[in-house]
Protein chains: 2
Amino acid sequence: MSLAQLEYFVAVAEEGHLTRAAERLHISQPPLTRAVQKLEQELGLPLFERTTRGMRLLPAGQHLLTRAREILRLVESTRQEAAGHSQRSPFK
Amino acid sequence: MSLAQLEYFVAVAEEGHLTRAAERLHISQPPLTRAVQKLEQELGLPLFERTTRGMRLLPAGQHLLTRAREILRLVESTRQEAAGHSQRSPFK
DNA sequence: CATGCTTACGGATCACGTAACCATG
DNA sequence: CATGGTTACGTGATCCGTAAGCATG
């Protein structure tokens, strides 16, 4: 489970659609397909139901969505806080 | 900022020593040196003070340490919860 | 000169994009 | 047959380990 995987997952979950999520992320569809598959394999359970219209979140996926958002929000705050510190003591 | 980077950072911070942290992580020192450097570059601020004895956390590093632990703990719970769900609906 | 961090370098793995493919309504 | 997800395949980037280098007490 990587942060990129979680970002991709959130985008797909929110769009309900690989194609639109790919546009939003500025990547192509195949990496998204693979990222979601890999995440499902790593966690050992399916996250989406594939329809001909798009991707619908399963209950376990719904729960992961809230967790993923928490994790990404925490990471983002951490980056912001570091950016604040870097004003006092820049790196190079 | 990746999860692996954060795990490495926590190990170095806790050991205060690249060599010991490397042993604990079962990798060699060079990847650790590079991971810490890259993290510092990405965040734009130094995290450790290099001494001839080892690595001492700077104040900004102290703060990142608590954040990193929060993030890793959250990721771990998420994995556990997924593992729970996977018992009901296995992936393949 | 022993200890501990860093730089150089080669090789394996990973992740992307393009293109071709498949399923369904 | 249009739409949307998947598989194949080649390439560039990333990350590791071994080996060599450098600083300091």
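A polar contact is a pair of N or O atoms within 3.5 Å. In this predicted model, one such pair joins DNA strand D to chain B: a phosphate oxygen of the strand is 2.9 Å from an N or O atom in the side chain of Ser28(B). The report below describes the two DNA strands in turn and then the contact between the protein chains.

## DNA strand D

The surface near DNA strand D draws on two or more residues from each of three elements, namely α2 (18–25) and α3 (29–43) of chain A and α3 (29–43) of chain B. In total, 20 residues surround the strand, and the closest are Thr19(A), Gln37(A), Ser28(B), Arg34(B) and Lys38(B). By class, these surroundings consist of seven nonpolar, eight polar and five charged residues.

Which parts of DNA strand D supply its atoms within 4 Å of the protein? Sugar or phosphate provides 73% of them, and bases provide the rest. Side chains of chain B illustrate both kinds of approach. The side chain of Tyr8(B) places an N or O atom 2.9 Å from a phosphate oxygen of DNA strand D. The side chain of Arg34(B), by contrast, has an N or O atom 2.9 Å from a base oxygen of that strand.

## DNA strand C

DNA strand C is likewise surrounded by residues of both chains. Of the 20 residues around it, Tyr8(A), Ser28(A), Thr52(A), Thr19(B) and Gln37(B) come nearest. Of the atoms of DNA strand C that come within 4 Å of the protein, sugar and phosphate account for 73%.

Phosphate oxygens of DNA strand C are approached by side chains from chain A and from chain B, including those of Ser28(A), His17(B) and Gln37(B). The distances are set out here.

| Side chain | Atom of DNA strand C | Distance |
|---|---|---|
| Ser28(A) | phosphate oxygen | 2.9 Å |
| His17(B) | phosphate oxygen | 3.4 Å |
| Gln37(B) | phosphate oxygen | 2.9 Å |

The elements that contribute two or more residues to the surface near DNA strand C are α3 of chain A, together with α2 (18–25) and α3 of chain B. This surface comprises seven nonpolar, eight polar and five charged residues.

## Relation of the two protein chains

Chain B is superposed on chain A by a rotation of 180 degrees with 0.0 Å of shift along its axis, at an RMSD of 0.1 Å. That is the relation of a two-fold axis. Because 100% of the interface residues of chain B are also interface residues in chain A, the copies meet through the same surface.

## The interface between chains A and B

How many residues of each chain take part in the contact? There are 26 residues of chain B in contact with 26 residues of chain A. Together the chains bury about 2,500 Å², and carbon and sulfur atoms carry 73% of this area. Within chain B, the residues that lose the most area to chain A are Met1(B), Leu74(B) and Phe91(B), which together make up 25% of what that side buries.

Polar and charged pairs also link the chains. Two salt bridges are counted between chain B and chain A, and the side chains of Glu81(A) and Arg67(B) meet in a salt bridge at 2.5 Å, N to O. The count of residue pairs in polar contact between these chains is two, with both residues at pLDDT 80 or more.

On the side of chain B that touches chain A, the elements giving two or more residues are α3 and α4 (59–88) of chain B. Of these, α4(B) gives the most, with 14 residues. By class, that side of chain B has 13 nonpolar, eight polar and five charged residues.

Key: Residues numbered from 1 in each chain as written. Chains lettered and ligands numbered in written order. Predicted model: local features only at pLDDT ≥ 70, side-chain atom pairs only at ≥ 80, totals over all residues. Heavy atoms only, no water. Near = heavy atom within 4 Å. Polar contact = N/O pair within 3.5 Å; in protein donor to acceptor, adjacent residues only side chain to side chain. Helix = DSSP H or I, 4+ residues; strand = E, 2+ residues; numbered from the N terminus. Nonpolar A, V, L, I, M, F, W, Y, C, P; charged D, E, K, R; others polar. Least-squares fit on C-alpha atoms with pLDDT ≥ 70 in both. Contact = heavy atoms within 4.5 Å. Buried area = accessible area lost by both parts, 1.4 Å probe. Salt bridge = Lys/Arg side-chain N within 4 Å of Asp/Glu carboxyl O.
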